Amino acid sequence: MQTAFLWLFLTSLFIGIPVVFGLLAASGVVLFWDLGDSFEPRDLNSILSQVFSGMSSVPLMALPMFILAGEIMNRGGITQRLVHFSQTLVGHVRGGLAHVNIMSSILFSGLSGSAVADTSALGSMLIPAMEKNGYTTRFAAAVTAASSVIGPIIPPSGIMIIYAFIMGVSPAALFAGGIVPGLMIGAGLMAMSYYLAIRNDFPIASERATWCDVAAAGRQTLWPMLTPVILLGGILTGFFTPTEAAGIAAAYALIVALFVIRTLRFDELPRLFFKAGVASGIILFLIGASKAFSWVADQVGAAAMLSEFVLSLTENPYLLLFFVNIMLFVVGMFLDAGPAILILGPILSDVFVDDLGLDPVHFAIIMCVNVTVGLATPPMGLVLFVAASVSGERVEAIAKAMLPFLAVEIAIIFLITFVPDFVLVLPRLMGLHN
Amino acid sequence: MVRLLTGVIVALRAVNRAVEWALKPLVALCVTAMLATVVWTVAARLSGISAPWTEKVMLILLPALAFLVAPIAYRRGANVSLDMLVNAMPARLARAHLLGVHVLIGVILLVALDLTLRKVGVAPLYLDPLLAALGIDLTSIRPFRAPIKIPVLGIEWRTVYLIMPASVALMLLANVELIGRYLLGLFDPHDQLVRPVRSFDQAHANVGE
């Protein structure tokens, strides 16, 4: 009966009940079920208290602030400047626009930690441009979708804030830990694009830019690109807490968009703040519900039982990591990254960090990268749907064109899983992690 | 029957649209207050001013935002869910299935309304028979009436908790509208009211919903 909560939740998920209601219903029913005679209705009150206190925490304030900063940057017309800057850097390489797409995603990820925002903003600009240059629509959409998963891996990252809050890991260490894997994915995708460009004779986007052109394009992006510098610099040097850094980044982005590059009007602000509020509110509610769910799992001894079950399969940590990578990847195909982390994080972290002694930052990054890459995989990958909607191409066609890029991403997942130094080198160098 | 149902849905739609209209500026205001509070915290720290209230305000604003957004998100179908099964069903069966899903959500919301009302010190006696019919008895939970105040701000926690029953009640209103829409779909699948409430992504087409 101890795993009833999981089955109940999975059933509710399968029949289409929204995750947040599924978590709450499974928590209530299982408490009633598993506690048997010792159940008292006021135990349900504890669930309510868990929901409220789960979202009432100062470190969580970083989440709406990051989302707001990303929204401001998206709306502030920065995308075009980033693309232009990327073009001066890599546009002269064969398959230039594919490289521009990936490079823009890397730059964009420092401003917005959302893969969906990346696909939508860059896709609407670069997919038509790539089509005009002789690329197939499916290839253009596939590059956009594959590279947009870099967004939540290179900081700032909403899912890392969620993970840090739920599992009590340092967000600064997670941010630093995400940089190398994010850049590795970017480099891997560019290498694959280059290979495909030569094989398919894709064109060069532009002539090699002079250093003056690069500098001029760089100047255009200077003010917005200072946002990640303030954000990461502030956090990594310990000058700001992540919450403070997120707030300052949002305020800075607002000032730049309104007064410096003047791409945002005052009358657009209420709509923009509402959009950021909705995105944040939905995640906050989900965090509250998942806190209640974890609490119930703990109360009925289900978390400990699941840990025992996983460890009974094998005690070889490498084999378990192999299986968990596959499981997380499959979960990512069906669930959005935030909910996947909220539901599975506490359970898997018990097994891998507490029982098997894996480094908490290393495991956090493995989990975040897995569920993020899952966003671009069928059948439920959100990024894939956005790419399909922006390009007008069928999801199946994009998914097929994405296979080489997906292979690169999977290879990098296994690389960072079995060589922890890729993840831990920066947090250690910066003194954020032992 | 269909005419009565249509009338009820139209009335509920108008109410829910008014609710959304009223909540939108509150959500934007909440985010603005969050930004101002965080910036003030930094400014106060750097200038050596004591601002202990900022942390307490943040603790209120976060759940407040979640509960302000919840009714809108539920009605617009913005919460994360798996649609695979529903998408694989024929239209008529999908409508009947979604009707069942929203009835289940309705039960969860009824229990949540009872619990949240008790949390703010109200004994929701009128809900007892309804929940008893569903086999749920929450009458042994004593309404929370302790006058516990939030330090520094001096506001009672019960006042802050008011956002919870208010939000759940608004979600229930949306729930009844959605149930009505899917119910109508069983009788008249071509009625315009049957189609789902449009999502935020289709906001440009939201007129009339």
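What follows is a walk through chain B, its interface with chain A, and the empty spaces in the structure. The model is a predicted one, so everything below was computed from predicted coordinates.

Chain B first. It is a helical affair, with seven helices and zero strands, and from the N terminus on its elements simply run α-α-α-α-α-α-α. Along its principal axes, the C-alpha trace of chain B spans about 65 × 45 × 30 Å.

Next comes the interface. Here 54 residues of chain B are in contact with 50 residues of chain A, and the two chains bury about 4,800 Å² between them. Carbon and sulfur atoms account for 84% of that buried area. On the chain B side, Leu62(B), Val80(B) and Leu82(B) stand out: together they supply 15% of the area that chain B buries against chain A, more than any other three residues.

What about the polar side of this interface? Between chain B and chain A, six residue pairs are in polar contact, counting pairs with both residues at pLDDT 80 or more. The rule finds one salt bridge across the interface. Arg45(B) and Glu244(A) meet through their side chains in a salt bridge, at 2.7 Å from N to O. As for where the touching residues of chain B come from, α1 (2-47), α2 (53-75), α3 (84-88), α4, α6 (157-161) and α7 each supply at least two of them. Sorted by class, this side of chain B has 41 nonpolar, seven polar and six charged residues.

Now for the empty spaces, beginning with the second largest pocket. About 860 Å³ of space lies in this pocket, and 36 residues line it. Those nearest its centre are Leu24(A), Ala25(A), Gly28(A), Val29(A) and Val111(B), so both chains are represented there. Several helices give two or more residues to the lining: α1 (4-14), α2 (19-35) and α3 (42-55) from chain A, along with α4 (91-119) and α7 (163-187) from chain B. In terms of class, the lining of the second largest pocket has 29 nonpolar residues, six polar ones and one charged one.

The structure also holds one cavity of 30 Å³ or more. The largest cavity has a volume of about 60 Å³. Its lining is made up of Asn16(B), Val19(B), Glu20(B), Pro71(B), Ile72(B), Arg75(B), Leu170(B) and Ala174(B). Three helices of chain B, namely α1, α2 and α7, each supply at least two residues of this lining. The lining of the largest cavity divides into five nonpolar residues, one polar and two charged. Helices α1, α2 and α7 of chain B also appear among the elements that supply the side touching chain A.

Two backbone details in chain A round things off. The peptide bond from Pro155(A) to Pro156(A) is cis, with omega near 0°. Pro156(A) has its place in the loop between α8 (137-148) and α9 (158-167) of chain A. Further along, Arg262(A) has phi near 50°, a positive value in a residue other than glycine. Arg262(A) also belongs to a loop, in this case the one between α12 (242-260) and α13 (269-299) of chain A.

How values were computed. Residues are numbered from 1 along each chain as its sequence is written. Chains are lettered from A and ligands numbered from 1 in the order in which they are written. This is a predicted model: local features need pLDDT of at least 70, side-chain atom pairs count only at pLDDT 80 or more; totals for chains, interfaces and linings use all residues. Side-chain values use heavy atoms; hydrogens and water are left out. On a 1 Å grid over the protein atoms alone, a cavity is a set of points where a 1.4 Å probe fits but cannot get out, and a pocket is an open set with protein on both sides within 12 Å along at least five of seven lines; lining residues have an atom within 4 Å of a point. Grid points are joined across faces, edges and corners, and a volume is the space filled by probe spheres set on the points. Helices (H or I, at least four residues) and strands (E, at least two) are DSSP runs, numbered from the N terminus. Ala, Val, Leu, Ile, Met, Phe, Trp, Tyr, Cys and Pro count as nonpolar, Asp, Glu, Lys and Arg as charged, and the others, Gly among them, as polar. Contact means heavy atoms within 4.5 Å. Buried area is the accessible area (1.4 Å probe) that two parts lose on being put together, summed over both. A salt bridge is a side-chain nitrogen of Lys or Arg within 4 Å of a carboxyl oxygen of Asp or Glu. A polar contact is a pair of N or O atoms within 3.5 Å; within protein, one must be able to donate a hydrogen and the other to accept it, and residues adjacent in sequence count only if both atoms are side-chain atoms.
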